Structure formats: structure tokens, C-alpha cells
Amino acid sequence: KAGFLGRKCLYDSDGAKTPFGRRGWRVWYARLRGLALYFDVDETPRARSRYATFSNAIMLHHSFAEPAADYKKRQHVFRLRTANLGEYLFQTGSPEEMNQWCEQINFV
Ligand code: I3P
């Protein structure tokens, strides 16, 4: 699965609260591949170093996605908690999209 998603980081991958200045929403083109969610600025594939690819990826093994019912500021948002204590919000375009992303992520 792939598509544009708004992303907001709440807790960094070490479980520390994401500091002010890095808590904003930003749109990314997300690709679910294997055990990871990769992010690019748009859908055009571009050559990047492995470091650049992995530093902006979220590892999904033992992670869990569910609708963020408590987040009222935006619609169709789901929450992702990762095994290394990261926590993210993702905004999708519809309830169907939100449910598809959650199912596919939890299926990994
Ligand atoms: C954040 C930005 C986010 C906001 C967040 C701010 O500031 O304004 O949009 O989240 O609030 O800290 P910055 O870009 O300087 O990190 P919401 O859109 O959810 O309000 P937060 O600290 O309550 O998460």
C-alpha cells in the first residue's frame, strides 16, 4: 500500500516526547514495504543513500495501528505505536483509507 499521509510525531523512537519545533504535521508519500513504512516527499522514485532511506523509515515489527479516536483536531487520523516506543499520528483522506492503513500495518 502507498499514498499521501499527513504525519505528526508524538514520541521519538526511543520513547522520549518529541520536542517542540518538531511536533508539527507534514505530508509525506508513504510506502508500506515488507516490515517498514518508508517516506518520500512525493511518489517519484529517486535515488537516495541507504542511510537517507532508513533514517526516515518506521520499522513496523511488533507495532500497532488504531484509529486515534481521542485526537479531535483533524479527521481520519490513526495512531501508530512502535516496538521501540515511538508514537505517531497519521492523517488519511477518509474512514476507508484509515481502516485500510491500520489493517495493512497490523498485518505486517
Ligand atoms: C507544534 C505544531 C503542531 C501542534 C503541536 C505543536 O509546534 O504547532 O501542529 O500539534 O502541539 O507543538 P512545532 O511545529 O513548533 O513543533 P497539533 O496540530 O496537534 O495541535 P502539541 O505540542 O500539543 O503536540
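Biologist: Taking contact to mean that the C-beta atoms of two residues, placed from the backbone, lie within 7 Å, which strands do the buried residues of α2 pack against?
Modeller: The buried residues of α2 pack against β2 (26–33), β5 (64–67), β6 (77–81) and β7 (87–91), where helices (H or I, at least four residues) and strands (E, at least two) are DSSP runs numbered from the N terminus. This is a predicted model, in which local features need pLDDT of at least 70 and side-chain atom pairs count only at pLDDT 80 or more, while totals for chains, interfaces and linings use all residues. Residues are numbered from 1 along each chain as its sequence is written.

Biologist: Which residues of α2 are buried?
Modeller: Met98, Trp101 and Ile105 are buried, meaning 20 or more other C-beta atoms within 10 Å of their own (12 or fewer is exposed, in between is partly exposed; C-beta atoms are placed from the backbone). They lie on the same side of α2 because they cover an arc of only 65° around the axis, taken from the directions from the helix axis to the C-beta atoms.

Biologist: And what's on the face turned away from that side?
Modeller: That face carries the exposed residues Pro95, Glu96, Glu103 and Phe107.

Biologist: How many other C-beta atoms does Glu96 have within 10 Å?
Modeller: Glu96 has 10, so it is exposed, and its C-alpha atom is separated by 8.7 Å from that of His76, 20 residues apart along the chain.

Biologist: Changing topic, which residues surround the ligand?
Modeller: Phe20, Gly21, Arg22, Arg23, Gly24, Trp25 and Lys73 surround the ligand, each with its C-beta atom, placed from the backbone, within 6 Å of it.
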